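Student: Could you take me through one part of this protein closely, and set that part in the context of the rest of the chain? I would like the reasoning spelled out wherever a residue is called buried or exposed.

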Amino acid sequence: MKPVAQALNILQGETNHSNAYMGYLAPTITILRDKLSKKLDVPITKPLVQELLNGIDKRFDSILNDKKIIAAVILHPKFKESWSTDCDVIERGISFINEKLEGLVEPVVDEPGQSSSEDQDETNFFQVKNRRSSDCTLKSFLESPVEKLCDYARWPLLRKLFIELNTPLPASAACERLFSAGGLIFRPHRSSMTDTNFENCILVKIASIFEDVIDTNFICKR
């Protein structure tokens with residue numbers, strides 16, 4: 001179960017907030033399936049591993065074939081094309097990215113001494129979108145050694161598309177853990193606690209999880 005636990009920690013993004021991108025989903029599930037498949041040779045654990053693989057396929061098969069999910073992975077500098085050996089999957093994501101790039105407009109930065117607005121309108125009117133330019137943009141990104149999001153400034157169109165595709169839906173896991181911690185503290189023999197004391201106990205209990213956000217000294221002073 002260690003690979004499953006590791007995958008859950010990565011996808012929840014609590015210890016490392018930089019993991020909170022949609023692009024982490026497909027590589028994590030793909031690598032998890034590969035790790036579990038290698039454990040099918042063990043007779044004792046084979047039934048458990050097989051059920052885990054069946055559950056993963058049932059839950060995530062349609063998601064992993066979604067071209068938006070694939071494109072989100074390709075646009076993440078950490079993964080690009082290296083996360084999958086299926087050429088058809090990678091090509092599906094690249095085609096979707098190029099289609100999206102055709103509908104995006106390169107941001108224009110006004111500089112001193114630039115032509116008038118009328119001249120710019122005329123230039124934009126006669127400007128023809130070129131499919132090859134979008135292909136070159138994506139190709140230069142995939143071939144670059146960039147592995148950090150801060151280097152995305154070199155590709156403003158890809159950066160805009162990255163934000164669109166890699167913004168995941170929020171999960172309620174953190175809130176559920178907070179309510180669970182509150183239930184462990186607010187027991188019948190502690191029912192006379194004041195609101196302030198109860199709040200401080202909650203903050204102290206979760207301080208180890210969110211120590212980079214909560215100042216423990218501030219909690220103690222309260």
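Tutor: What follows is a close look at helix H5 and the parts that meet it, with the wider chain as background.

The model is a predicted one, and its secondary structure comes to 11 helices and 0 strands, so that reading along the sequence gives the pattern α-α-α-α-α-α-α-α-α-α-α. Of the 222 residues in the protein, buried residues make up 30%. Among the contacts with a separation of 6 or more, 59% are accounted for by residues 24 or more positions apart. The accessible surface comes to about 15200 Å², and 55% of that surface belongs to carbon and sulfur atoms.

Within this setting, a good place to begin is Ile94, which is found in helix H5. Is Ile94 buried or exposed? With a relative accessibility of 13%, Ile94 counts as buried, because the cut-off for that class is under 20% relative accessible area. If residues up to four places away in sequence are set aside, Ile94 touches Ile74, Glu81, Leu138 and Leu142. Ile94 can also be placed relative to Lys67, since the two are 27 residues apart in sequence while their C-alpha atoms are 8.9 Å apart in space.

The loop that comes between helix H4 (67-74) and H5 deserves a separate look, and Lys80 lies in that loop. Although Lys80 is not a glycine, this residue has a positive phi of about 55°. Lys80 has a relative accessible area of 9% and is therefore buried, so a lysine in this loop falls in the buried class by the computed value.

Helix H5 also takes part in a salt bridge. Lys100 pairs with Glu164, and the closest N and O atoms of the two are 3.0 Å apart. Because Lys100 lies in helix H5 (residues 87-102) and Glu164 in helix H8 (residues 156-165), the pair ties together parts that are 64 residues apart in sequence. At 27% relative accessibility, Lys100 counts as partly exposed, and Glu164, at 43%, also counts as partly exposed.

How many salt bridges does the count come to? The count comes to 2 salt bridges, and one of them is formed by Asp57 with Arg33, with the closest N and O atoms 2.8 Å apart. This pair links distant parts of the chain, as Asp57 is in helix H3 (residues 46-64) and Arg33 is in helix H2 (residues 25-37), which places the partners 24 residues apart. Asp57 has a relative accessibility of 32% and so counts as partly exposed, while Arg33, with 22%, counts as partly exposed too.

Away from these pairs, charge is also found in a surface patch. Lys2, Lys35, Lys38 and Lys39 form this patch, which is positive. Lys2 lies in helix H1 (residues 2-12), and at 61% relative accessibility Lys2 counts as exposed, because that class requires over 50% relative accessible area.

Taken together, the lysines discussed here have various settings: Lys80 is buried in its class by a relative accessible area of 9%, Lys100 counts as partly exposed, and Lys2 counts as exposed.

Definitions and conventions
Residues are numbered from 1 along each chain as its sequence is written. This is a predicted model: local features need pLDDT of at least 70, side-chain atom pairs count only at pLDDT 80 or more; totals for chains, interfaces and linings use all residues. Side-chain values use heavy atoms; hydrogens and water are left out. Patches are made of residues with over 30% relative accessible area and no salt bridge: like charges are joined within 9 Å, nonpolar side chains (Val, Leu, Ile, Met, Phe, Trp, Tyr) within 5 Å. Accessible areas come from the Shrake-Rupley method with a 1.4 Å probe; for residues, only the protein chains shown count as cover. A salt bridge is a side-chain nitrogen of Lys or Arg within 4 Å of a carboxyl oxygen of Asp or Glu. Lys and Arg count as positive and Asp and Glu as negative; His and the chain ends are not counted. The place of a charge is taken as NZ of Lys, CZ of Arg, CG of Asp or CD of Glu. Helices (H or I, at least four residues) and strands (E, at least two) are DSSP runs, numbered from the N terminus. Buried means under 20% relative accessible area, exposed over 50%, partly exposed in between (1.4 Å probe, protein chains only). Contact means heavy atoms within 4.5 Å.
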